[in-house]
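Visitor: I have just opened this structure and would like to learn how to read its features. Could you take me through them slowly?

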Amino acid sequence: MAPPPPTNAPHVCLSCVVIVSSMALMDAYLVEQNHGPRKIGVFIVVSVGDVCFLIALRYIAVWVGTELRTAKRGYAMILWFLYIFVLEIKVYFIYQNYKSDRKSLDALTRKALTLLLSVCVPVLFIILVAVDHMEYVRAFRKKEEIRNRLFWVVVDLLDVLDIQANLWEPQKKGFPLWAEGLMFFYCYILLLVLPCVSLSEISMQGVNISPHKMMLYPILSLITINIVTIFIRGGNMLLYKDSRVSGILLGKNEISCDKVPQSISTSHSEESLTSTEFN
């Protein structure tokens, strides 16, 4: 029986540092939002939950480290699902505490929560993909194409977090209960599923990975993020007078406008080069 592949200790440590630090900061938010005896109870509950989470993390993170130099990303999908599942539960209670205290317009801590999520979530995804450790991808150009596709996954994550942040950042008028629940859990599902789709595309193609065949994620992203979120933002603007401009949405559109002509010109040059070589 062949021995298991060695674990990449720096990669395991880096992913654990990102996960544990973000969870600890979420716990700090939850504890500080409560006062008196309730603070002690919340501290005990989150501590017990963190112990159970760390026990599972201890094994899953090691398994992720063993598949790092292979073409598989199965354990990376499990770790991502577990992380987002627990993280978003804590975010839900944090935003509910903010909702119950509408008079407290502590804008700095609310924006700090958005910034924390916008840093930790994409960074963990990049760590789990580990493009630089894909030794089976020999061609530099193919590796750059993979990075380009993963860049759009990161931008989509930031876009979803930007929509979700509308629930806890200060608002002139609050959303109704059904709209808040629908918006939160829609973003929750997107954060759970879409990055796993991208990881599964990498895993299913194996060693002979072809970035141009990774089309499932772009299709799902087009429908669930680029189209549906337009209606969400439009509804917020028309019904609830939310006139804030999304920098992520504007940046995404500007980058898309810049990259599309470049990709078209690149494809045309490749076709002309191929036809010249054929003649």
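Guide: Helices (H or I, at least four residues) and strands (E, at least two) are DSSP runs, numbered from the N terminus. This is a predicted model, in which local features need pLDDT of at least 70 and side-chain atom pairs count only at pLDDT 80 or more, while totals for chains, interfaces and linings use all residues. Residues are numbered from 1 along each chain as its sequence is written, and side-chain values use heavy atoms, with hydrogens and water left out.

Visitor: How many helices and strands are there in the chain?

Guide: The chain has eight helices and zero strands.

Visitor: How is empty space found, and which helices line the largest cavity?

Guide: Rolling a probe the size of a water molecule over the atoms shows where empty space is left. On a 1 Å grid over the protein atoms alone, a cavity is a set of points where a 1.4 Å probe fits but cannot get out, and lining residues have an atom within 4 Å of a point. Grid points are joined across faces, edges and corners, and a volume is the space filled by probe spheres set on the points. Here the search finds one cavity of 30 Å³ or more, and the largest cavity holds about 30 Å³ of space. Helix 5 (140-164), helix 6 (177-205) and helix 7 (216-239) each supply at least two residues of its lining, and among the lining residues are Val153, Asp156, Leu190 and Tyr217.

Visitor: Is Thr114 buried or exposed?

Guide: Buried means under 20% relative accessible area, exposed over 50%, and partly exposed in between (1.4 Å probe, protein chains only). Thr114, which lies in helix 4 (residues 107-129), counts as buried because its relative accessibility is 13%. Glu180, in helix 6, also counts as buried, at 1% relative accessibility.

Visitor: Which residues does Thr114 touch?

Guide: Contact means heavy atoms within 4.5 Å. Not counting residues up to four places away in sequence, Thr114 touches Ala165, Trp168 and Glu169.

Visitor: Which residues of the largest nonpolar core touch the most other members?

Guide: A nonpolar core is a set of buried Ala, Val, Leu, Ile, Met, Phe, Trp, Tyr and Cys residues joined through side-chain atoms within 4.5 Å. Of the 69 residues in the largest such core, Trp80, Tyr83, Phe125 and Trp168 touch the most other members. Helix 6 gives the most to this core, with 13 residues.

Note on methods:
1 Å grid on protein atoms, 1.4 Å probe; cavity = no way out; pocket = protein on both sides within 12 Å on 5 of 7 lines; lining within 4 Å.
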